[in-house]
Amino acid sequence: MEIAVVGAGYVGAVTGAGLAGLGHRVSFVDRDEGVVERLKQGAVGFFEPGLGELLAENRERIGAGTDLAAAIAASDLTFLCVGTPSRPGGWCDLRAVRGASREIGAALAGSGRGHTLVVKSTVPPGTTAGVIRPAVEGAAGRGPGEGLRVLVNPEFLREGSAVQDFFSPSRIVIGSDEPAGTEVLDRLYEGFSCPVVRCGCSTAEMIKYSSNAMLAVRISAANEIGRFCKALGIDAAEVMRAVGLDDRIGPSFLNTGLGFGGSCLPKDVRALVELGRSLGQEPALLSAALAVNDGQPAALLDLVEARIGCAGRRIGVLGLAFKPGTDDVRESRAVPVIRGLLERGATVVAYDPLAMDRFRPLFPGIEYAATPGEMLASVDAVVIATEWPEFEDLDYGGLAVFDGRRCERARKTARLYEGLCW
Ligand SMILES: NC(=O)c1ccc[n+]([C@@H]2O[C@H](COP(=O)([O-])OP(=O)(O)OC[C@H]3O[C@@H](n4cnc5c(N)ncnc54)[C@H](O)[C@@H]3O)[C@@H](O)[C@H]2O)c1
């Protein structure tokens with residue numbers, strides 16, 4: 001198939017590269033010329049294992065440009081993958097989605113050609129029916145049933161294993177509000193062996209939000225219990241390992257520590273909280289999940305203050321990415337940790353194996369160590385903010401370590417050691 005991918009960030013780039021890997025011809029469209037120029041060279045501006053190779057292997061089937069109309073004119077199917085960040089109040093910012101939908105519609109105006117738009121961006125339930133569809137149809141000058149199909153196909157990839165997740169997803173969700181019209185996606189995904197869920201557009205949108213809400217609630221439940229464990233002198237990691245052996249519960253997402261960050265969980269839970277309020281329903285549990293999450297960095301800072309005092313100290317922060325395996329720093333837990341250390345009068349030295357370049361603009365005034373060894377040699381204490389596996393190989397002897405991610409080596413060898421929930 002000839003496929004356009006509008007928005008070539010994490011989701012768009014992986015989706016497009018994966019589709020090219022399946023043998024389709026893909027035209028990336030992004031309004032950011034830097035993104036486009038990099039894609040023309042077969043590269044992206046972020047780290048994602050295997051993505052560079054996938055782009056390179058399929059280069060002859062991949063194009064990139066800023067001209068949306070040209071890409072749409074040459075394709076049968078468009079994936080909408082633009083960002084949907086949080087607005088200041090927590091609701092989802094739909095400006096990019098609305099704007100791109102209008103542009104896609106305008107590109108199809110007057111052509112009479114059939115076209116399928118697939119919404120991959122995470123949007124609140126009702127957005128495809130209430131915002132995207134009217135925008136596309138309005139700009140295209142076509143009514144429902146006049147050859148324009150809009151489907152929802154939410155994305156569940158995890159940064160750090162996104163390429164693998166593209167080829168082996170846990171499930172494929174196809175949302176459609178028409179009795180027929182999903183054939184193009186059925187064909188696209190016919191080689192995949194995972195469950196395929198078929199539902200209406202709003203249901204598909206809600207499935208994505210609900211998945212992220214469940215993950216966030218689970219992490220915050222573990223963390224709240226983890227804080228009780230810490231106060232009681234109980235090791236929360238030991239507790240959660242045993243809790244996870246119950247097959248009704250399962251082991252994943254029970255790690256206690258600094259909590260969740262990244263570009264999805266916090267923003268999607270905030271949007272769901274606002275959605276609940278707009279329905280006149282108090283989102284008690286989801287609001288609590290956010291509050292517990294916000295409390296974790298604050299609890300770690302309290303531990304540092306209580307044990308060594310921050311003012312005048314030189315404190316290292318190990319880990320700036322929101323999780324290991326990525327250089328994405330969006331809503332990283334290192335941000336409130338570093339802000340809090342600076343507010344309390346500490347000098348901060350930061351290190352991350354991948355994410356320092358992306359983190360620097362957030363905190364241009366702190367020091368960045370070239371190697372973890374260089375940092376450890378120059379600080380009074382260390383905060384571990386991301387569970388990079390290589391932090392298990394460092395020498396913490398003689399140091400005070402405040403661990404937000406449970407580094408066993410630090411736990412066993414630090415001079416003074418405080419775990420957040422253990
Ligand atoms: N990152 C993830 O792990 C992940 C996982 C699942 C779902 N999602 C969802 O997927 C969507 C995209 O997320 P992302 O992390 O890839 O975002 P991103 O910010 O990395 O990429 C979005 C891209 O869209 C481009 N863009 C914005 N408006 C445009 C327009 N009108 N025309 C062309 N390009 C435009 C931007 O320049 C940017 O390159 C979001 O809704 C997000 O919630 C993300």
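How far does a polar side-chain atom of K267 lie from an oxygen atom of the ligand? The distance is 2.7 Å. The model is predicted, so local features are taken only where pLDDT is at least 70, and side-chain atom pairs only at pLDDT 80 or more.

Stay with the ligand. E159 also makes a polar approach: one of its polar side-chain atoms sits 2.8 Å from a ligand nitrogen. S263 places a polar side-chain atom 3.5 Å from a nitrogen atom of the ligand. Burial comes next. On its own, the ligand exposes 840 Å². The protein buries 88% of that area.

Now widen the view to the shell. There are 26 residues around the ligand. Those that come nearest are V11, D30, T84, E159 and K267. Sorted by class, the shell holds 10 nonpolar, 7 polar and 9 charged residues.

Where does the shell come from? Two elements each supply two or more residues: helix 1 (10-21) and helix 5 (95-108). Helix 5 gives the most, with 3 residues. At the domain level, both domain 1 (2-199) and domain 2 (211-419) contribute at least three residues each to the shell.

Next, turn to the second largest pocket. Its space comes to about 160 Å³. Helix 11 (265-278), helix 12 (284-307) and helix 13 (334-343) are the elements that each give two or more residues to its lining. Helix 12 gives the most, with 3 residues.

Which residues line this pocket? The lining consists of F260, P266, R270, L290, N293, D294, E331, S332, R333, V335 and P336. By class, that makes 5 nonpolar, 2 polar and 4 charged residues.

Finally, look for enclosed space. How many cavities of 30 Å³ or more does the count give? The count comes to 1. The largest cavity holds about 40 Å³ of space.

Its wall is built from V119, K120, S121, T122, V123, V152, P154, A204, E205 and K208. Helix 9 (residues 201-232) gives the most to this lining, with 3 residues. The class split here is 5 nonpolar, 2 polar and 3 charged.

Three sites, then, to inspect on screen. At the ligand, begin with K267 and its 2.7 Å polar approach to an oxygen atom, then go to E159 at 2.8 Å from a nitrogen atom. At the second largest pocket, begin with helix 12, which gives the most to the lining. At the largest cavity, begin with helix 9, which gives the most to the lining there.

Methods. Residues are numbered from 1 along each chain as its sequence is written. Side-chain values use heavy atoms; hydrogens and water are left out. On a 1 Å grid over the protein atoms alone, a cavity is a set of points where a 1.4 Å probe fits but cannot get out, and a pocket is an open set with protein on both sides within 12 Å along at least five of seven lines; lining residues have an atom within 4 Å of a point. Grid points are joined across faces, edges and corners, and a volume is the space filled by probe spheres set on the points. Helices (H or I, at least four residues) and strands (E, at least two) are DSSP runs, numbered from the N terminus. Ala, Val, Leu, Ile, Met, Phe, Trp, Tyr, Cys and Pro count as nonpolar, Asp, Glu, Lys and Arg as charged, and the others, Gly among them, as polar. A residue is near a molecule or strand if one of its heavy atoms lies within 4 Å of it. A polar contact is a pair of N or O atoms within 3.5 Å; within protein, one must be able to donate a hydrogen and the other to accept it, and residues adjacent in sequence count only if both atoms are side-chain atoms. Accessible areas come from the Shrake-Rupley method with a 1.4 Å probe; for residues, only the protein chains shown count as cover. Domain bounds come from an automatic or database domain assignment.
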